[in-house]
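Let's take a walk through this model together, starting inside a sheet and ending where two chains meet. Keep the 3D view open as you read.

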Amino acid sequence: MPVFPSQEWLTEYVDLINGSKEYEEAASSWEGDLSYVFEREPDKKVPDDVWVWIDLWHGKCRDAKFGVAQEEGEKARFIIRAPYSRWKEVIRKELDPIKGMMQGKLKLKGDLPTIVRYVKAANELVNIAGSVPTKFVDES
Amino acid sequence: MELVVTTPDTPPLGQMIADLVRSNIESDPRRAHLVHGVAGRININATDVESEIGLLFTGTGLRVGPALPAPDLEVVCDSGTLMELANVRLRLGRPDPMTPEGRAILTKMMHKQLVVHGMMTHPKLLTRLQKLFTVA
């Protein structure tokens with residue numbers, strides 16, 4: 001079972017994105033890359049911030065990179081960041097990402113109207129993350 | 001002078017709404033006039049995130065912060081409905097009943113899943129809010 005966060009987890013996630021009809025439909029006109037930042041929590045075995053970059057294009061994920069440098073990740077059109085344990089809540093579907101943004105638990109950098117327009121696609125990305133068989137690094 | 005400002009104690013929901021309005025004005029500068037020439041107080045209560053914010057139309061700008069006393073308008077709904085409101089096409093300043101999204105909003109109003117206190121007494125203020133808020 002892939003450990004979150006890791007390259008193996010990301011590979012599984014990308015495969016599921018590319019196999020999702022729901023996501024393809026919701027993001028059919030989406031064009032833009034996105035960085036996720038899993039912020040460091042040394043006491044949870046995440047000693048440094050982890051940057052993941054994914055290139056999303058018309059309902060598919062064209063490319064993805066795990067552990068990109070911050071300077072590279074910051075070039076993405078959108079950046080969503082939160083401490084590792086918040087992401088855990090998102091992946092476990094204990095925290096809705098939009099609610100999380102409204103509560104300040106997840107921080108978004110990028111054009112907010114675009115995210116609002118594609119809120120269904122954003123929710124699908126989270127649903128997909130929740131369906132990756134996941135072992136969390138602090139529980140392994 | 002900035003048209004849309006936030007107070008230091010603005011809750012995250014207020015920051016988000018201020019960002020949304022700023023971006024909407026930036027992408028369509030014709031919307032800037034919507035924050036001018038009107039004074040009014042609006043509260044938005046997102047029930048499921050337990051956050052209530054206030055929008056103060058000062059006459060020359062919009063100040064977003066914590067909930068205001070004695071609002072002219074109060075919008076009460078969950079966070080999902082708030083997103084739907086931001087995505088709905090407008091016709092004459094109201095959700096367009098000719099679209100599925102518009103009908104969904106009107107249905108929620110009928111079922112009191114979306115409540116707007118003061119909409120009958122302050123219709124123009126509500127129209128301004130909707131036009132500033134929507135991304136559709």
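A good place to begin in this predicted model is the pairing of E2(A) with E3(A): the two strands run antiparallel and are joined by eight bridges. To find your place in this pairing, look for A:Asp33, whose bridge partner in E3(A) is A:Asp55.

Now step across to the next pairing. E3(A) is also joined to E4(A), again in antiparallel fashion, through six bridges. Here A:Ile54 is a handy landmark, with A:Ala64 as its bridge partner in E4(A). The connection between E3(A) and E4(A) is a hairpin with two residues between the strands, and in its turn you will find A:His58 with a positive phi of about 50°. How buried is E3(A)? Six of its eight residues are buried, so the strand is largely enclosed by the rest of the structure.

Back at E2, which spans residues 31–39 of chain A, there is a pairing with strand E5 (residues 78–83) of chain A. These two run parallel, with six bridges between them. One of the pairs to look for is A:Leu34 with A:Phe78, the latter in E5(A). As a reminder, strands of a sheet pair through backbone hydrogen bonds, either parallel or antiparallel.

With those pairings in hand, we can put the sheet together. It is an open sheet of five strands in chain A, in the order E4-E3-E2-E5-E6, and its pairing is mixed. Strand E4 (60–66) and strand E6 (107–109) of chain A each have a single partner strand and stand at the edges, so one side of each is left without a neighbour in the sheet. From one strand to the next, the twist averages 20°.

Helices come next. Helix H1 of chain A, residues 7–18, packs on the sheet and touches E3 and E4 of chain A; its direction makes about 175° with that of E4(A). Helix H4 of chain A, residues 84–91, lies across E2 and E5 of chain A and runs at about 105° to E5(A).

Finally, turn to the second chain. Which parts of chain B touch chain A? In all, 17 residues of chain B are in contact with twelve residues of chain A. Helix H1 (12–27) and helix H2 (79–86) of chain B each supply at least two residues of that side of chain B. The largest share, eight residues, comes from H1(B). By character, the residues on the side of chain B that touches chain A divide into nine nonpolar, six polar and two charged.

Methods
Residues numbered from 1 in each chain as written. Chains lettered and ligands numbered in written order. Predicted model: local features only at pLDDT ≥ 70, side-chain atom pairs only at ≥ 80, totals over all residues. Pairing = 2+ DSSP bridges. Helix = DSSP H or I, 4+ residues; strand = E, 2+ residues; numbered from the N terminus. Axes fitted to C-alpha atoms, helices over the stretch in contact; angles between N-to-C directions. Contact = placed C-beta atoms within 7 Å. Nonpolar A, V, L, I, M, F, W, Y, C, P; charged D, E, K, R; others polar. Buried ≥ 20, exposed ≤ 12 C-beta atoms within 10 Å, placed from the backbone.
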